[in-house]
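Q: I am new to this structure and would like a careful, close look at one part of it. Could you take me through the protein surface that faces the nucleic acid, and then show how that surface sits on the rest of the chain?

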Amino acid sequence: MEHAATFALYEKIFLVVEQIPAGMVSTYGDVAAVVGGGGDGRTVGAALGALSRERAAVVPWQRVINREGVISTGGMGQRTLLEAEGVAFDAQGRAILARHRWPGPAPEWAADNGCHTLPEREEGEQLSLDLA
DNA sequence: GAATTGACGGGGC
DNA sequence: AGCCCCGCCAATT
């Protein structure tokens, strides 16, 4: 069996992803930053890819995309799932991160679960500029 | 145990 | 904005 440490890391990643509310999205890098523990964006991708079908029904994996707002899985109906939750995409097929990006967990939750919060973003001001 | 691959990101140009 | 290169971590061969 795999090492317990790796198993715990994956479980922690799943726990964080479950905190992303419907209608919002996050990036692999952001999730990794919240989880901490040495993992990075690729680690998050590996964890989500390892989700069993049953687990995928519980963990909202579709809400995690790359830093450009682009769907990495393509063809798994991820975009359709997100649009059903209210996430808007531009003409280039990128989710509008300025409007739907998850700001990270509440400081209280993070401290209570051994996770980190995300640094302040100040680029969410252009949220009503895109019409494309 | 080395090499390869991939649901990634940052920085430079 | 785009494009390219490099570092990063985990799984697989």
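**The surface near DNA strand C**

A: Helix 1 and helix 3 are each the source of at least two residues of the surface near DNA strand C, and helix 1 gives the most, with 3 residues. Please keep in mind throughout that this is a predicted model.

The residues that surround DNA strand C are T6, L9, Y10, G38, D40, R42, T43 and Q92. Of the atoms of DNA strand C that come within 4 Å of the protein, 65% belong to sugar and phosphate. Sorted by class, this surface is made up of 4 polar, 2 charged and 2 nonpolar residues.

Some of these side chains can be followed down to single polar contacts. An N or O atom in the side chain of D40 lies 3.2 Å from a sugar or linking oxygen of DNA strand C, and the side chain of T43 likewise places an N or O atom 3.4 Å from a sugar or linking oxygen of that strand. For R42, the partner is a base oxygen of DNA strand C, which is 3.4 Å from an N or O atom of the R42 side chain.

The two helices that supply this surface also take part in the interior of the protein. The largest nonpolar core has 21 residues, and those that touch the most other members are I13, V16, V17, V31, V44, L48 and V64. Helix 1 (4-17), helix 2 (28-35) and helix 3 (41-49) are the elements that give two or more residues to this core, with the largest share, 5 residues, coming from helix 2. In soluble globular proteins, nonpolar side chains tend to be buried together. A second core, separate from this one, holds 8 residues, among them V25, I71, V87 and L97.

I13 offers a link between the interior and the DNA-facing side: apart from its neighbours within four places in sequence, I13 is in contact with V31, V35, T43, V44 and A47. One of these partners, T43, is also among the residues around DNA strand C.

Helix 2 deserves a look of its own, since it is mostly covered, with 6 of its 8 residues buried. Those buried residues are Y28, D30, V31, A32, V34 and V35, and just after the helix G36 takes a positive phi of about 70°. Ahead of helix 2 comes strand 1 (residues 26-27), where S26 is found. S26 counts as buried because its relative accessibility is 0%. Setting aside neighbours within four places in sequence, the contacts of S26 are I20, V31, R63, V64, I65 and W102; V31 and V64 in that list are also among the core residues that touch the most other members.

Stepping back to the whole of chain A, there are 7 helices and 2 strands, and from the N terminus on they follow the order α-β-α-α-α-β-α-α-α. Of the 132 residues in the chain, 33% count as buried, while the exposed area of chain A is about 7,900 Å², of which carbon and sulfur atoms supply 52%. Among contacts between residues at least 6 apart in sequence, 60% join residues at least 24 apart.

Conventions. Residues are numbered from 1 along each chain as its sequence is written. Chains are lettered from A and ligands numbered from 1 in the order in which they are written. This is a predicted model: local features need pLDDT of at least 70, side-chain atom pairs count only at pLDDT 80 or more; totals for chains, interfaces and linings use all residues. Side-chain values use heavy atoms; hydrogens and water are left out. A nonpolar core is a set of buried Ala, Val, Leu, Ile, Met, Phe, Trp, Tyr and Cys residues joined through side-chain atoms within 4.5 Å. Buried means under 20% relative accessible area, exposed over 50%, partly exposed in between (1.4 Å probe, protein chains only). Helices (H or I, at least four residues) and strands (E, at least two) are DSSP runs, numbered from the N terminus. Contact means heavy atoms within 4.5 Å. Accessible areas come from the Shrake-Rupley method with a 1.4 Å probe; for residues, only the protein chains shown count as cover. A residue is near a molecule or strand if one of its heavy atoms lies within 4 Å of it. A polar contact is a pair of N or O atoms within 3.5 Å; within protein, one must be able to donate a hydrogen and the other to accept it, and residues adjacent in sequence count only if both atoms are side-chain atoms. Ala, Val, Leu, Ile, Met, Phe, Trp, Tyr, Cys and Pro count as nonpolar, Asp, Glu, Lys and Arg as charged, and the others, Gly among them, as polar.
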